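Trainee: Could you take one part of this model and go through it closely? I would like to know what it packs against and how the pieces around it are arranged.

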Amino acid sequence: MPSTGAEYAVRFMMHRGALVDLLESVPADKAGFVPWEGAMDFAKMADHMSGAGGFFATLIKGGERVRPEPSASYHAALENLKAGTAATVEMLKALTPEQIGASVTAMGGRTVQVGSLIDYMIEHEAHHKGQVFTMMRMAGLETPKSWVKWP
């Protein structure tokens, strides 16, 4: 488990950076592709990931969750994702080892260590990154060879 916020920021960006690159490579005319019934399309996935970063940051900082409005376009969803990414990275970098070891109330009222919550956030990134790879292949789009964006 990383011990500093900067180390967590690097781990987060290994997945989020790749996810942003993937979503940026999806042409706007494919943004509404839905791979299976009930699935998110690429635009909704970008919004979901943007909102998820804010959600986890709110849990870590002890604030109240605000659900963002859906983006007006795929371009807007990508811009929101990039802005949210920058904010999440800055929040992670600012965490001290004491804050990482502290406990917070998370989903379902559970008390969890901040480090464990960040680990879950990173797992969430990896999960949806894999979905985007699969969706791109199903939509007939080319995918990059790397699943991780190395620092």
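**Helix 1 and its surroundings**

Mentor: Take helix 1 and begin with its contact with helix 3, where Gly 5, Ala 6, Tyr 8, Ala 9, Phe 12, Met 13, Arg 16, Val 20, Leu 23 and Glu 24 of helix 1 meet Tyr 74, Leu 78, Leu 81, Lys 82, Gly 84, Thr 85, Thr 88, Val 89, Leu 92 and Lys 93 of helix 3. Sorted by class, this contact holds 12 nonpolar, 4 polar and 4 charged residues. Keep in mind that this is a predicted model. Helix 3 covers residues 74–94, and its axis comes within 9 Å of the axis of helix 1, at a crossing angle of roughly 170 degrees. An angle over 145 degrees counts as roughly antiparallel, so helix 1 and helix 3 are roughly antiparallel to each other.

Next is helix 2. Helix 1 spans residues 5–24 and helix 2 spans residues 42–61; the two pack at about 155 degrees, with their axes 11 Å apart. Because of that angle, helix 1 is roughly antiparallel to helix 2. Their crossing is left-handed. From helix 1 the contact takes Arg 16, Leu 19 and Leu 23, and from helix 2 it takes Phe 42, Ala 46, Met 49 and Gly 53. The classes here are 5 nonpolar, 1 polar and 1 charged. Arg 16 and Leu 23 thus appear in the contact with helix 2 and also in the contact with helix 3.

Now helix 5. Its axis lies 9 Å from that of helix 1, and the packing angle is about 20 degrees. Angles under 35 degrees count as roughly parallel, so helix 1 and helix 5 are roughly parallel to each other. This crossing, too, is left-handed. Helix 1 supplies Tyr 8, Arg 11, Phe 12, His 15, Arg 16, Ala 18, Leu 19, Leu 22 and Leu 23, while helix 5 supplies Gly 115, Ile 118, Asp 119, Met 121, Ile 122, Glu 125, Ala 126, His 128, Lys 129, Val 132, Phe 133 and Met 136. By class that gives 13 nonpolar, 3 polar and 5 charged residues. Arg 16 and Leu 23 are listed here as well.

A few points on helix 5 itself. Its 25 residues reach 36 Å from the first C-alpha to the last, close to the 36 Å expected at 1.5 Å a residue. Gly 140 follows helix 5 and has a positive phi, near 80 degrees. Within helix 5, which runs over residues 114–138, sits His 124. Its relative accessibility is 14%, and buried means under 20%, so His 124 counts as buried. Beyond the residues up to four places away in sequence, His 124 touches His 48, Met 49, Ala 52 and Phe 56. One of these, Met 49, is also in the contact between helix 2 and helix 1.

Helix 2 also holds Thr 58. With neighbours within four places in sequence left aside, Thr 58 is in contact with Gly 63, Glu 64 and Arg 65. Its C-alpha is 12 Å from that of Ile 118, a residue 60 places away along the chain. Ile 118 is one of the helix 5 residues in the contact with helix 1.

Finally, consider the segment after helix 5, where Trp 147 is placed. Trp 147 has a relative accessible area of 39% and is therefore partly exposed. The C-alpha atoms of Trp 147 and Ala 18 are 129 residues apart along the chain but separated by 6.6 Å. Not counting residues up to four places away in sequence, Trp 147 touches Ala 18, Lys 129, Gly 130, Phe 133 and Arg 137. Among them, Ala 18, Lys 129 and Phe 133 also take part in the contact of helix 1 with helix 5.

Pro 151 is found in that segment too. With a relative accessibility of 83%, Pro 151 counts as exposed, because the threshold is over 50%. Apart from neighbours within four places in sequence, Pro 151 is in contact with Val 10 and Met 14. Pro 151 and Leu 117 lie 34 residues apart in sequence and 22 Å apart in space, C-alpha to C-alpha.

Technical notes:
Residues numbered from 1 in each chain as written. Predicted model: local features only at pLDDT ≥ 70, side-chain atom pairs only at ≥ 80, totals over all residues. Heavy atoms only, no water. Axes fitted to C-alpha atoms, helices over the stretch in contact; angles between N-to-C directions. Helix = DSSP H or I, 4+ residues; strand = E, 2+ residues; numbered from the N terminus. Parallel < 35°, antiparallel > 145°, perpendicular 65-115°, else oblique. Left-handed = near helix turned anticlockwise from the far one by under 90°. Contact = heavy atoms within 4.5 Å. Nonpolar A, V, L, I, M, F, W, Y, C, P; charged D, E, K, R; others polar. Buried < 20%, exposed > 50% of the residue type's maximum accessible area, 1.4 Å probe, protein only. Expected span 1.5 Å × (residues − 1).
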